[in-house]
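Visitor: I am new to this structure and would be glad of a close look at a single part of it. Could you take me slowly through one place where helices pack, and then through what lies around it?

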Amino acid sequence: MLRRKARRGQGDVQGVDDPLDAAQERRVRAVLALGGVPQADLPDGVQQVRLRLLERAAKGDEAPRDVSAWAAVVASNLAMDWHRAKRRQERLGERLASLRQPADARDEDSSVLSLAVAQGLDELPDSQRQVLVLRFYADLPVRGIAEELGIPEGTVKSRLHTAVRALRARLHEDEVV
């Protein structure tokens, strides 16, 4: 799904400066991975974010005030789109592979915790997972998430509270924490 859209637009970006710097690209990749996009589709997702930023500029729209936050939200939306198209269980192994640390930095406890968190994220509704990833991984403030998603701050806070409570309950239930 992501691959076709990105390839369609690749011819349009030749000769144009890359709108994402290396740090923004890493952040976009991470948001996509945490949103459930498999490792193989991450480059296509990054291209989609670039394409949307270039399309925005080509239409003459004003550049986003915070390109990094805008890119993280676009990446999160792309991940939600992909997530809706695929079954959750098929992606779990790929998500864990994209989150793994190098073998020398891992220990058994962190592997168990990573698995439990990934499974907990997988069980959350899309809207809760999205705000959780944007807040705690992409490190966006509640106000920024609300502005970028076009929802009230209270809704963001409510979704965060519910998501954190559900994830915490899941980790206690599995006796991980």
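Guide: In this predicted model, helix H2, which covers residues 22-34, packs against helix H7, which covers residues 126-137, at an angle of about 145°, and the axes of the two helices are 10 Å apart. The crossing in which H2 passes H7 is right-handed. On the H2 side the contact is made by Ala30, Val31 and Leu34, and on the H7 side by Arg129, Val133 and Tyr137. Sorted by class, the residues of this contact of H2 with H7 divide into five nonpolar, no polar and one charged.

One residue of H2 deserves a pause of its own, and that is Gln24, which lies in this helix. Its relative accessibility is 14%, and because buried means under 20%, Gln24 counts as buried. Leaving out residues up to four places away in sequence, Gln24 touches Pro19, Val67 and Ser68. The C-alpha atom of Gln24 is also separated by 9.7 Å from that of Val46, a residue 22 positions apart from Gln24 along the chain.

Val46 leads us to helix H3, where Val46 is among the buried residues, together with Leu42, Asp44, Gly45, Gln48, Val49, Arg50, Leu51, Leu53 and Leu54. The length of H3 can be checked by a short piece of reasoning: the helix has 17 residues, 42-58, and at 1.5 Å a residue these should span 24 Å, so the 24 Å that separates its end C-alpha atoms agrees with the expectation. Just after H3 comes Gly60, which takes a positive phi of about 85°.

Let us now return to H7 and follow the chain onward from there. Ala138 has its place in the loop between H7 and H8, and with a relative accessibility of 2% it counts as buried. If neighbours within four places in sequence are left aside, Ala138 is in contact with Arg27, Val31, Ala72 and Val133. Two of these names are already familiar, for Val31 of H2 and Val133 of H7 also take part in the contact between those helices. As for Ala72, its C-alpha atom and that of Ala138 are separated by 6.8 Å, although the two residues are 66 positions apart along the chain.

Asp139 is likewise placed in the loop between H7 and H8, but at 56% relative accessibility Asp139 counts as exposed. Its phi is near 60°, a positive value in a residue other than glycine.

Beyond this loop, H7 and H8 pack against each other at an angle of about 135°, with their axes 10 Å apart. That angle makes H7 oblique to H8, and the crossing in which H7 passes H8 is right-handed. In this contact, Gln130, Val131, Leu134 and Arg135 of H7 meet Val142, Ile145 and Leu149 of H8. The residues of the contact of H7 with H8 divide into five nonpolar, one polar and one charged.

The three H8 residues just named, Val142, Ile145 and Leu149, are buried, as are Gly144 and Ala146 in the same helix. H8 is followed by Gly150, whose phi is positive and near 70°.

The next packing partner to consider is helix H9, residues 153-173, whose axis comes within 8 Å of the axis of H8, residues 142-149, and crosses it at roughly 115°. H8 and H9 are therefore roughly perpendicular to each other, and their crossing is right-handed. Here Val142, Arg143, Ile145 and Ala146 of H8 and Glu153, Val156, Lys157 and Leu160 of H9 make the contact. By class, this contact of H8 with H9 has five nonpolar, no polar and three charged residues. Val142 and Ile145 thus appear in the contact of H8 with H9 and also in the contact of H7 with H8.

Stepping back to the whole chain, its secondary structure comes to nine helices and zero strands. Of its 177 residues, 41% count as buried. Among the contacts in the chain with a separation of 6 or more, residues 24 or more positions apart account for 73%, and the contact of Ala138 with Ala72, across 66 positions of the chain, is one example of residues that far apart.

Conventions: Residues numbered from 1 in each chain as written. Predicted model: local features only at pLDDT ≥ 70, side-chain atom pairs only at ≥ 80, totals over all residues. Heavy atoms only, no water. Helix = DSSP H or I, 4+ residues; strand = E, 2+ residues; numbered from the N terminus. Expected span 1.5 Å × (residues − 1). Buried < 20%, exposed > 50% of the residue type's maximum accessible area, 1.4 Å probe, protein only. Axes fitted to C-alpha atoms, helices over the stretch in contact; angles between N-to-C directions. Parallel < 35°, antiparallel > 145°, perpendicular 65-115°, else oblique. Left-handed = near helix turned anticlockwise from the far one by under 90°. Contact = heavy atoms within 4.5 Å. Nonpolar A, V, L, I, M, F, W, Y, C, P; charged D, E, K, R; others polar.
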